[in-house]
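Please open the model in your viewer with the backbone drawn as a cartoon, and keep a selection panel to hand for the stops below.

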Amino acid sequence: MSTDDTTDTDSTEAASNATSKSKCGASAPDAETDGGVASAGDSSGCGASSSPSSATADSDSSDSACGASKREQTEEKVEASVDDFDADPGRLVAVGLGPGEPEGMTQRARGALLDAEHVVGYTTYIELLPEEVRESADELYDTPMCGEVSRTEEAIDRALAGNDVAIVGSGDPNVYALAGLALEILESKGATADLVDFEVVPGVPAAQSCGARLGAPLVNDTVSISLSDHLTSMPTIESRLHAAAKEGFTIAIYNPWSRKRRENFRKCCEILLEHRDPDTPVGVVHGAGRDDEEVEIVDLGELEELGETDLIDMTTTILVGNEETYVWDDRMVTPRGYESKYDY
């Protein structure tokens with residue numbers, strides 16, 4: 001499971017091409033559509049960002065493992081405005097696919113995808129779609145990792161051009177995903193959510209699908225923190241880790257590791273050990289719902305050394321227990337507090 005639509009990646013992972021040509025009908029200038037990883041095979045004219053900065057975004061890896069510096073990102077511009085489209089707008093639906101396997105998708109999500117004329121998403125997510133969805137759509141449009149802005153704008157432009165469009169992501173559209181970005185871009189184009197009948201169709205988030213595989217680690221207060229510093233600075237991430245760890249929350253760690261930012265994971269482990277005992281249970285789920293799924297429960301003191309193994313990468317979600325979490329019968333248990341009021 002990829003757990004974050006805004007995740008970063010190594011440049012080698014961002015080498016594939018968008019696979020379809022846009023037919024949205026916008027009067028915006030012709031443009032390459034993928035912000036940061038533009039591909040020669042992409043001939044969309046739906047107004048996705050074509051700024052020079054986006055085309056060279058992988059030239060600087062100092063601020064982002066995606067390769068785009070903050071300055072380059074802020075120079076990326078939305079191209080077409082709502083006034084560039086003459087057709088009656090269609091619909092735009094942000095759909096959460098859940099953990100990855102088709103049976104993990106909600107019926108509502110499946111129905112929304114079957115109703116969509118165009119389905120837009122990250123390449124891996126498009127490949128995860130059930131065959132019936134792939135066959136029913138008039139068009140599938142995908143971009144590699146790091147094309148979140150251009151991909152979302154492409155979906156919006158197709159909707160403004162009169163198509164019923166679904167933009168998809170793993171997990172839930174409101175958890176490190178594109179629902180918020182879609183609304184921001186709609187606003188920047190001078191459009192409204194009502195104009196495209198914007199709707200969010202929820203999916204099962206990674207933390208919850210991974211929690212189910214580990215037993216019952218998340219039944220009390222929980223926070224989620226992404227270790228990706230692509231869009232959030234590392235000092236901010238560190239501050240949030242300190243705050244969550246010292247207050248006794250169970251913690252869901254998203255995007256724990258990539259080859260270009262190993263230090264974030266090491267720093268995370270160091271901060272957690274400042275506030276939690278080394279024997280605190282930690283659940284590690286790699287590739288939940290996929291063929292390479294692996295599940296392990298380890299002690300917090302062992303976590304850092306796992307960063308050098310195949311168990312932890314960008315498809316891994318880590319659930320850190322609180323002071324009361326324990327392991328029973330190979331399952332993590334975080335008490336809800338019933339034992340303080342009831343005898344059982």
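The tour below goes through a predicted model, beginning with a sheet and ending in a nonpolar core.

Begin by selecting the five strands of the open sheet, which follow the order β3-β2-β4-β1-β5 with parallel pairing. β3 (139–143) and β5 (199–201) stand at the edges and have a single partner strand each, so one side of each is left without a neighbour in the sheet. If you look along the sheet, neighbouring strands are turned against each other by 20° on average, with direction ignored.

Next, restrict the selection to residues 92–96 and 165–169, which are strands β1 and β4, running parallel and joined by five bridges. Within this pair, show the side chains of Val-95 and of Val-168 in β4, which stand opposite each other.

Now move to residues 222–226, strand β7, which pairs with β8 in the parallel sense over five bridges; here Ile-225 has Ile-253 in β8 as its bridge partner. Adding α9 to the selection completes a right-handed β-α-β unit made of β7, α9 and β8.

Keep α9 and β8 in view and turn to the largest nonpolar core, which has 25 residues and in which Leu-303 and Ile-312 have the most contacts. At least two residues of this core come from each of α9 (234–246), β8 (250–254), α10 (262–275), β9 (281–286), α11 (303–306) and β11 (316–320).

Which residues is Leu-303 in contact with, leaving aside its neighbours within four places in sequence? Select Phe-265, Cys-269, Val-282, Val-284, Ile-312 and Ile-318, and you will have the contacts of Leu-303 beyond those neighbours on screen.

Terms used. Residues are numbered from 1 along each chain as its sequence is written. This is a predicted model: local features need pLDDT of at least 70, side-chain atom pairs count only at pLDDT 80 or more; totals for chains, interfaces and linings use all residues. Side-chain values use heavy atoms; hydrogens and water are left out. A nonpolar core is a set of buried Ala, Val, Leu, Ile, Met, Phe, Trp, Tyr and Cys residues joined through side-chain atoms within 4.5 Å. Buried means under 20% relative accessible area, exposed over 50%, partly exposed in between (1.4 Å probe, protein chains only). Helices (H or I, at least four residues) and strands (E, at least two) are DSSP runs, numbered from the N terminus. Contact means heavy atoms within 4.5 Å. Two strands pair if DSSP finds at least two bridges between them. A crossover is right-handed if, with the strands pointing away from the viewer, the path from the first strand over the helix to the second runs clockwise. Axes are lines fitted to C-alpha atoms, for helices over the stretch in contact, and angles run from 0 to 180 degrees between N-to-C directions.
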